[in-house]
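Student: I would like to learn how to read the packing of helices on a sheet in a model like this one. Could you take me through it step by step?

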Amino acid sequence: MAEQTIVQRFDISAPGKVILHGEHSVVYGRPAIAGSIGLRTYLTYTALESSSSTTVIIEFRSIPFTASLTLDLFDAFLREIDCYETLQPDAFLEQLRTPGDFPFARFVQDPMPSLADITSKERMSLGSTLYIINRVLRSEGIQSIDRSCLGSGGFQVSLHSEMSIGAGLGSSASYGVCLAAGAYHLSRILKRQFNRAPSSMSQEVLKKLYQWSFDSEIIMHVKPSGIDNEIATNGGVVRFRRGTGVDKVIKLRRPVHVLIVDTGVSRSTAKLVGIAANRLERFPRTIGPVLEAMGGVVDEAIALFESENDDPETVYDRLSTLVSINNNLLRALGVSHPALEAVFTIAERSGFASKLTGAGGGGCAFVLLPDGYRELESFQQLVSALTEAGFRSIETTVGTGAGVTLS
């Protein structure tokens, strides 16, 4: 019988996202608009050469942090722990949040002290990674390792993102989609069914990746809306409602150019959602209509995105006005931040509309840009002023490019 060909490498990538309109109001049943951006998260699977021990290495380049398991320990982890039928995401999150040893510590070689710190990125990152790998492999019928399918030295999984962690651009969801896709294709390797054909990312597979990445988001954010991992899985621009998911794929009639500005201020989504909820509870007759107006902004924006006959400059002007309106509505919820206000001021001085995106309280803002913006002196002034103020910015076009990809 011919020797089994070993898969030496595969690469996965998934996009981040920007919420154009509807953040915070989406929590209360109103629609939101989100689209993929040109910033992506990447996963690389590599078969390892023969060494003194057969190892599974998991590398988080953006933290940075590396963990390893012997293949014997990884096999024991799959056989002894069931993250598919027994240990559900919310229960595992509770384990991660409970002071004490890292839940999977006995399977990790030389676990570093930070894994016992319930606030550490290492604990959360490695915990969610091992959990999703186990959940995916188990759900695909893999409960032990066939060593003959792998490189003689084991394998390495390396993850990194072009997005800042906690900036509101969906980095955790794109990470979760990459991880789910990587684990799924590992299951195909272990079944000797791996291939790179487009059919390997069928709609059926994409639905699985969406659900597994949603499980990862539960571990990261407790009660995710699902919009981030929807975009990371499928790309595009969509209207989304919490509880029902995507109810409309938006057909853009012209490009939506934005400059994404990272304030460098990390924030807690849960805390900011709580701030908005507190204002609604204290001032329901005032904040209730604010949330309703945010839903109206979404409807107005979609009509403009899909309009065929309107003059492009008129459309841009009206979209800019909606961006400004929505930003003021978000200010009313108490979710802005001095760093964001500095971005808004710089954008306004240069003649552009801007708003926060995501939870607020720091993170990112975006500036809406017209066609041909690179030729405008005002755009050059905008970028220079943002750079001088210490902000990192990147141009992108919303909704272009693929969702999750395999190569």
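Student: Which strands does helix α11 lie across, and at what angle does it run to β8?

Tutor: Contact means heavy atoms within 4.5 Å, and axes are lines fitted to C-alpha atoms, for helices over the stretch in contact, with angles from 0 to 180 degrees between N-to-C directions. Helices (H or I, at least four residues) and strands (E, at least two) are DSSP runs numbered from the N terminus. Here helix α11 (residues 377-388) lies across β8, β10 and β11 and runs at about 15° to β8, while helix α10 (residues 338-349) lies across β8, β9 and β10, at about 155° to β9. This is a predicted model, in which local features need pLDDT of at least 70 and side-chain atom pairs count only at pLDDT 80 or more, whereas totals for chains, interfaces and linings use all residues. Residues are numbered from 1 along each chain as its sequence is written, and side-chain values use heavy atoms, leaving out hydrogens and water.

Student: What is the strand order of the open sheet, and why is one side of β9 and of β11 left without a neighbour?

Tutor: Two strands pair if DSSP finds at least two bridges between them. The order of the four strands is β9-β10-β8-β11, with antiparallel pairing; because β9 (354-357) and β11 (392-397) stand at the edges, each has a single partner strand and one side without a neighbour in the sheet. Neighbouring strands are turned by 30° against each other on average, direction ignored.

Student: How many bridges join β8 and β10?

Tutor: Strand β8 (residues 257-262) and strand β10 (residues 364-369) pair over six bridges, and Val 261 has Ala 365 in β10 as its bridge partner.
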